[in-house]
Amino acid sequence: MSKVIISDTQNNEISEIIKNIFKVFGVENKVKNKKVLVKPNILGPFPPERGVTTDPRVISAIVQELKKCKSKEIIVGDNSGSIHFDPFKIAKITGILDASDGCHSNIARKVLKVKVESKFIDELFISRIVKEADYVINVPKFKTHSLTTITGAIKNMFGIIPGGKKAKLHTFSRSIKGFAELLVDIYQIRIPDLNIMDAIIGMEGVGPTNGETRVINKIISSDNGISLDSVMTAMMGLKPDIIELLQVAKERNLGETDISNITIDGELKVISGFKTPNNSILQRIRKTMVPHIFNLASVKPIVNHDKCKICKKCIEVCPVSAMNLTNKFPEVDRKKCISCFCCDEHCPYGAIILPSWSQDLYNRLKGK
Ligand code: SF4
Ligand code: SF4
């Protein structure tokens, strides 16, 4: 039976929680004299209070515990969403550079081509350290995701792919089901040995970048990422079996998604009134659609001119060149847009609006 620990950060020191997680999962013997990769979520240049990236206090506690365990080499690193972001600048802004205590590295510098068991792609470039590390600690964030509904342990491993190549992958698998399959394909390139989820300040609503922060005060851990994501989903008030990512992982026997079959150490409490992405009903409908119907039925982003600073990140990151600068501000070309929401994910100013399906329909009728 897989095991998930839900630890309370309100009444316990983060360092003590990490120490206990290491003890329960027998980490010390596995990392002594070994090369360890700590893989946080460093999506972009967001300060910790935005709730977008992994809390640096969790990274700091993990690094210090690994040092106590006498790991031979500790590397803290992630590939942010875009090649246009400077990795060290991002690590500094997110607080992860200082928290890493000399162990942070730009893991995009050395890459490796790997074969992938996937119906969408045959091979892929990933950060070389992912394959070189003896032990991988995945440190995702408790957040929603406008496209995949949740972003957790499985989705965090998407970050083993350097920068801009990630956005391009959306063009290979345009349905929710297809993208979930691709994400699980990538997760399987290197299944993490341990997952420690930062759920201190989570994100609800239209995550993973521009949702609202939600104080949860938890750290959730497991040696199985699928069980961990299932517990997170249940805490959000959703059933794991409606999440495509978890369905795909379950079909491949990668982990348990049935909460009653998971040993939970701690209290699994549904977070009252937790807001999930506003298009989750549409996602359930469209998950079986063929790509062109799916595209017609999907909502399209809108740029909020009051917030937009014309930084052009959304234009750079769009995998199908659907964002263009027209009349000063970026505007989406509805026919080209594949609703991957990478533009929303990478807008530093929260200027992308993802309308509800009814609002999007209204916009269409108005010719917007
Ligand atoms: S919408 Fe966001 S990412 Fe795009 S130009 Fe405006 S501020 Fe930059
Ligand atoms: S405009 Fe935004 S949602 Fe549409 S394809 Fe481009 S990045 Fe994806």
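This is a short talk on the domains, one strand and a ligand shell in the structure above.

Okay, so, quick reminder before we start: this is a predicted model.

Let's begin with the overall layout. The chain splits into domain 1, covering 3-265, and domain 2, covering 299-365. On the contact between them, domain 1 puts in 21 residues and domain 2 puts in 17 residues. If you take the centres over C-alpha atoms, the two domains sit 27 Å apart. Together they bury about 1,600 Å², and 61% of that is on carbon and sulfur atoms.

Now zoom in on strand 9, residues 194-204. Why do I call strand 9 largely enclosed by the rest of the structure? Well, 10 of its 11 residues are buried, so the surroundings cover most of it.

Who are the neighbours? Strand 10, residues 212-222, runs antiparallel to strand 9, with 9 bridges between the two. Strand 6, residues 135-139, is parallel to strand 9 and joined to it by 2 bridges. Strand 7, residues 141-145, also pairs with strand 9 in the parallel sense, again over 2 bridges.

You can pick out individual partners, too. Asn195 in strand 9 is bridged to Asn138, and Asn195 also has Ser222 of strand 10 as a bridge partner. Over at Met203 in strand 9, the partner is Lys143.

Last stop, ligand 2. Which residues come nearest to ligand 2? Out of 14 around it, those are Cys318, Cys337, Cys340, Phe341 and Cys343. As for the classes in that shell, we have 13 nonpolar residues, 1 polar, and no charged ones.

That's my tour, thanks.

Terms used:
Residues numbered from 1 in each chain as written. Chains lettered and ligands numbered in written order. Predicted model: local features only at pLDDT ≥ 70, side-chain atom pairs only at ≥ 80, totals over all residues. Heavy atoms only, no water. Buried < 20%, exposed > 50% of the residue type's maximum accessible area, 1.4 Å probe, protein only. Helix = DSSP H or I, 4+ residues; strand = E, 2+ residues; numbered from the N terminus. Pairing = 2+ DSSP bridges. Near = heavy atom within 4 Å. Nonpolar A, V, L, I, M, F, W, Y, C, P; charged D, E, K, R; others polar. Domains from an automatic or database assignment. Contact = heavy atoms within 4.5 Å. Buried area = accessible area lost by both parts, 1.4 Å probe.
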